[in-house]
Amino acid sequence: MIQSHIGINVGAARDPEANALPTIETPVLVVGGSLVGMSAAVFLSHHGVRPVVVEHHRGSAIHPRAALITQRSMEAFRTLGIEKIIRDESEKQFVQDGAVMAVETLAGKELAWFIANLNEGVRDVSPTVRLFITQKLLEPLLQKRAEELGVDLRFATEMISFEQDSTGVTAVVRHRDTSESYTIRARYLIAADGPRSSIREQLRIPIEGRGILSHSITIYFRAPLAPLLRGRNLSVILVSNPALRGFFRIERPFETGFLVVNTTGDPAHPNEDLWRGLTNDRCIEYLRAALGDDTIPLVVDDVMKWNARADVASRFREGRVFLAGDAAHVMPPYGGYGGNVGIQDAHGLARKLAYVLRGWAGEGLLSTYESERRPVASLTTEQAFTRYVTREARYLDRGNLEPQVEDLNIELGYRYHSSAVVPEAEATNNRTHENLRESTGHPGTRAPHLWLKPEVSTLDLFGRNFALLTGGEGKGWPEASQFAVERLGVPLEVHPIRHAGFCDRYGVSGTGAALVRPDGFVAWRARSGGESPAVSLFGALSAVLDRQPR
Ligand SMILES: Cc1cc2nc3c(=O)[nH]c(=O)nc-3n(C[C@H](O)[C@H](O)[C@H](O)COP(=O)(O)OP(=O)(O)OC[C@H]3O[C@@H](n4cnc5c(N)ncnc54)[C@H](O)[C@@H]3O)c2cc1C
């Protein structure tokens, strides 16, 4: 377990006022305790680093917001031991395997079916499933796990200012109710402070992209919706008619839900500012126009205002500060990607920080956070924009849309190119994603799933330590691993895989091996055993941990 005092230089803050305040110390300070900050905290403590989390709100999410959780995010949660509880809670909230479709109105004409069944054709690629669970239910599950793992969670606590120096970050925080102020001294800071990130602003990190697309609203409402659903199992219902464009999500038992409205009026020249002149009566008008029913009783519970945008921060790191989640990228909720990309930022970043803090990796590993995650964020943001334009906002098509990439390849087929991966000669292209069905264990791709026995996937071999998966005929790999472990002091597990499909799926021969990172990405592979597996494995592991002799 990492001790919270490792490498911390208390009192290094240059701000004299900050120096006068009481100080607590932590290896990592996470600012923002919503979906991404809470995920980062749990992943960090899973790797033996206990962070402090400060969150402005008094508790976790009060609005449902994100709900579609992809297989990749579920795979990450599976390593935390919370997959089952998430699946159970999801079943209480939503009928599983629903469709994503478009209607003129819920009561009226159907326009298009984008996905007929959420998990159709994707069940074989992962030990887990896509599902819907709102942030309101998911965040308390993450919070509970964080508390079990000893994370120091501080709600109703706002970070007021911060500064960094060569050994750490000093932040001034204040409790909202007591006004008590103190400083937190951390080796690193994760900015999970959302789309309006004040940390990103203070660091003067520009954002790039398509900009603000609309001042959108989400109307949370109650109504007896079952008759309008007519037995259809619908997860997301896009609405497009001359009055408005947006989407519904409806929860069990079909008496509550929300309607997002992005634009109103003429679809070719729409009103993009839904915030202006917004009243309860107007919300009821929007609901009636989207439901296609003037008689159904309606109650508006709440309205949330937010900007639909498609933007990515130009840098994900400044010194000891790392941007994650909406602080780093914001995308239209078409495809359900925003929160998922954030969860995966947190997943990758937490492991890298933990390895550096534990002394297992050189500081250079931290620069691979941006080189790996920023291209994924850019790809996904553009894909969300393409879906938004083609499904709902044709008027934004200026002829420069990225062609649509298959959902599965965005969710599971993205590739990393960084110094935390040892490239192969034939894989030197800069493809940011690939066809998951043709993916065969290239370094930089997610290690493929195979069922090793009932309920045990290859993916269950990853999560905390590096894993070396070897073909059935490999002889020298245990000794090679021992050689590397003794020299680098990093845990490494060796798993001989007897599954008949292993060599094909991982692109190695029976004497070969694949080195998989704790985040489930292939770091390196030896297609066959070769002359000196010890030297090649040691070289690969040293390289991806930035432990090269300099
Ligand atoms: C209608 C809608 C539907 C969506 N559906 C999906 C979906 O199905 N799937 C999906 O993946 N994504 C979806 N998204 C996107 C998803 O909601 C966001 O990507 C996600 O909430 C981002 O989480 P975050 O933790 O990065 O930021 P936020 O949720 O914005 O959290 C940031 C937190 O930081 C705190 N904070 C900020 N500044 C400070 C400070 N100085 N001190 C202390 N605390 C601070 C805030 O209080 C806040 O709690 C949807 C979004 C919308 C609007």
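Colleague: What makes strand 11 and strand 15 count as paired?

Modeller: In this predicted model, strand 11 (residues 207-222) and strand 15 (residues 299-313) are joined by 14 bridges. Pairing needs at least two bridges, so these strands qualify. They run antiparallel, and Ile217 stands opposite Lys305 of strand 15.

Colleague: How do you know that strand 18 also pairs with strand 15?

Modeller: Strand 18 (residues 329-330) shares two bridges with strand 15, in the antiparallel sense. The cut-off is at least two, so the pair is accepted. Asp311 has Val330 of strand 18 as its bridge partner.

Colleague: Happy with that! Now the helices: why is helix 4 called roughly antiparallel to helix 5?

Modeller: Helix 4 (residues 83-93) and helix 5 (residues 135-148) pack at about 155 degrees, with axes 10 Å apart. Angles over 145 degrees count as roughly antiparallel, so helix 4 earns that description against helix 5. The crossing of helix 4 past helix 5 is right-handed.

Colleague: Which residues make the contact?

Modeller: Helix 4 brings Ile85, Ile86, Glu89 and Gln93, while helix 5 brings Leu137, Leu138 and Leu141. By class, that gives five nonpolar residues, one polar and one charged.

Colleague: Good to see them listed. And what makes the radius of gyration of the chain agree with a compact globule?

Modeller: A compact globule of 550 residues would have a radius of gyration near 24 Å, and the chain has 24 Å, so the two agree. The C-alpha trace spans about 75 × 65 × 45 Å along its principal axes. The chain's secondary structure comes to 14 helices and 24 strands.

Note on methods
Residues are numbered from 1 along each chain as its sequence is written. This is a predicted model: local features need pLDDT of at least 70, side-chain atom pairs count only at pLDDT 80 or more; totals for chains, interfaces and linings use all residues. Side-chain values use heavy atoms; hydrogens and water are left out. Axes are lines fitted to C-alpha atoms, for helices over the stretch in contact, and angles run from 0 to 180 degrees between N-to-C directions. Helices (H or I, at least four residues) and strands (E, at least two) are DSSP runs, numbered from the N terminus. Angles under 35 degrees count as roughly parallel, over 145 as roughly antiparallel, 65 to 115 as roughly perpendicular and the rest as oblique. A crossing is left-handed if the near helix is turned anticlockwise from the far one by less than a right angle, and right-handed if clockwise. Contact means heavy atoms within 4.5 Å. Ala, Val, Leu, Ile, Met, Phe, Trp, Tyr, Cys and Pro count as nonpolar, Asp, Glu, Lys and Arg as charged, and the others, Gly among them, as polar. The radius of gyration is taken over C-alpha atoms; the globule rule is 2.2 Å times the number of residues to the power 0.38.
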